[in-house]
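Welcome! Take a moment to turn the structure around on your screen, and then follow the points below one topic at a time.

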Amino acid sequence: MAPEDDAGLPGGPGLRERKKRQTRFALSQAAIRLCVLNGWDGVTVEQIAAEAGVSVRTFRNYFGGKAEAIAATQLERMLGVAEDLLARPAGEPIWDSLRHAVLGRFVPPGGFTTSQDTRWRDGVRLMLAEPALAGEIVKVNAAATQELARAVARRTGTDAGDLYPKLVAAAVAAGTAVAVEHALREGWPASLGTVLAEVFEQLAAGLPVP
């Protein structure tokens, strides 16, 4: 059996990679939390590192700046969706599996806290509108969609280079983005789970005209 801290078994990261991902995610969440509450220009790399309990040097080992750090949460969530998809029951319909995987990564098990109110919603909107963040979001979405396509291919017995897994992965990425944008306008964050469920219901049905 291979050591725990090497590449790990197919379908999941090894211990070393998991620890690195945990650090990346902690830094990303700290960056999001501070930028949402204090505004983009009111947050420094030093503050993000302190919030996450690491040194600035550690931050620099993972990210080049705030935008890259914030975008990392989207990548981590979608990598988690790919992993969770492969863990779903083999006989479950693909769109049901994807719905469960996405909801499990985008909606906390106990729901959102009451502190995530109008101020939080408005802060998220402002953060997502920051031009410096747009390019990083595009990069991570491309990487995340590629990984999800690989997982869809494994799950469906197709090849990652085939059209089908690529289309499914792109639909999931677009659907989650639309759900977040829609929920930010109506009932954020409590509405996100409901909107995501509706998105996947429509995708599974082939997007029929209402």
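In the largest nonpolar core, which has 56 residues, the members that touch the most others are Leu98, Leu148, Val172 and Phe200. Keep in mind as you look that this is a predicted model.

**The nonpolar core**

- Two or more residues of this core come from each of H1, H2, H4, H5, H6, H7, H8 and helix H9 (192-204).
- H4 gives the most to this core, with 11 residues.
- Try finding leucine 98: setting aside neighbours within four places in sequence, leucine 98 is in contact with Leu85, Leu148, Val168, Val172 and Phe200.
- As background, nonpolar side chains in soluble globular proteins tend to be buried together.

**The largest pocket**

- The largest pocket has a volume of about 910 Å³.
- Its lining is made of 34 residues, and those closest to the centre of the pocket are Arg77, Val124, Leu128, Val180 and Trp188.
- Sorted by class, this lining has 22 nonpolar, 8 polar and 4 charged residues.
- At least two lining residues come from each of helix H1 (15-38), helix H4 (66-87), helix H5 (94-106), helix H6 (118-128), helix H7 (131-156) and helix H8 (163-185).

**Helix H2 and its buried side**

- Which residues of helix H2 (residues 45-52) are buried? They are Val45, Ile48 and Ala49.
- These buried residues cover an arc of only 95 degrees around the axis, so they lie on the same side of H2.
- A general rule helps here: an α-helix has 3.6 residues a turn, so residues three or four places apart point the same way.
- The cover over the buried residues of H2 includes H1, helix H3 (56-62) and H4.
- After H2 comes glycine 53, which has a positive phi, near 75 degrees.

**A buried glutamate**

- Glutamate 136 sits in helix H7.
- Is glutamate 136 buried or exposed? Its relative accessible area is 17%, so glutamate 136 counts as buried, the cut-off being under 20%.
- Not counting residues up to four places away in sequence, glutamate 136 touches Ala67, Glu68 and Ala71.

**A leucine after the last-named helix**

- Leucine 207 belongs to the segment after H9.
- Most residues other than glycine have a negative phi.
- Leucine 207, in contrast, has a positive phi, near 55 degrees.
- Leucine 207 counts as exposed because its relative accessibility is 53%, and the cut-off for exposed is over 50%.

Key. Residues are numbered from 1 along each chain as its sequence is written. This is a predicted model: local features need pLDDT of at least 70, side-chain atom pairs count only at pLDDT 80 or more; totals for chains, interfaces and linings use all residues. Side-chain values use heavy atoms; hydrogens and water are left out. On a 1 Å grid over the protein atoms alone, a cavity is a set of points where a 1.4 Å probe fits but cannot get out, and a pocket is an open set with protein on both sides within 12 Å along at least five of seven lines; lining residues have an atom within 4 Å of a point. Grid points are joined across faces, edges and corners, and a volume is the space filled by probe spheres set on the points. Helices (H or I, at least four residues) and strands (E, at least two) are DSSP runs, numbered from the N terminus. Ala, Val, Leu, Ile, Met, Phe, Trp, Tyr, Cys and Pro count as nonpolar, Asp, Glu, Lys and Arg as charged, and the others, Gly among them, as polar. Buried means under 20% relative accessible area, exposed over 50%, partly exposed in between (1.4 Å probe, protein chains only). Contact means heavy atoms within 4.5 Å. The arc is that of the directions from the helix axis to the C-beta atoms. A nonpolar core is a set of buried Ala, Val, Leu, Ile, Met, Phe, Trp, Tyr and Cys residues joined through side-chain atoms within 4.5 Å.
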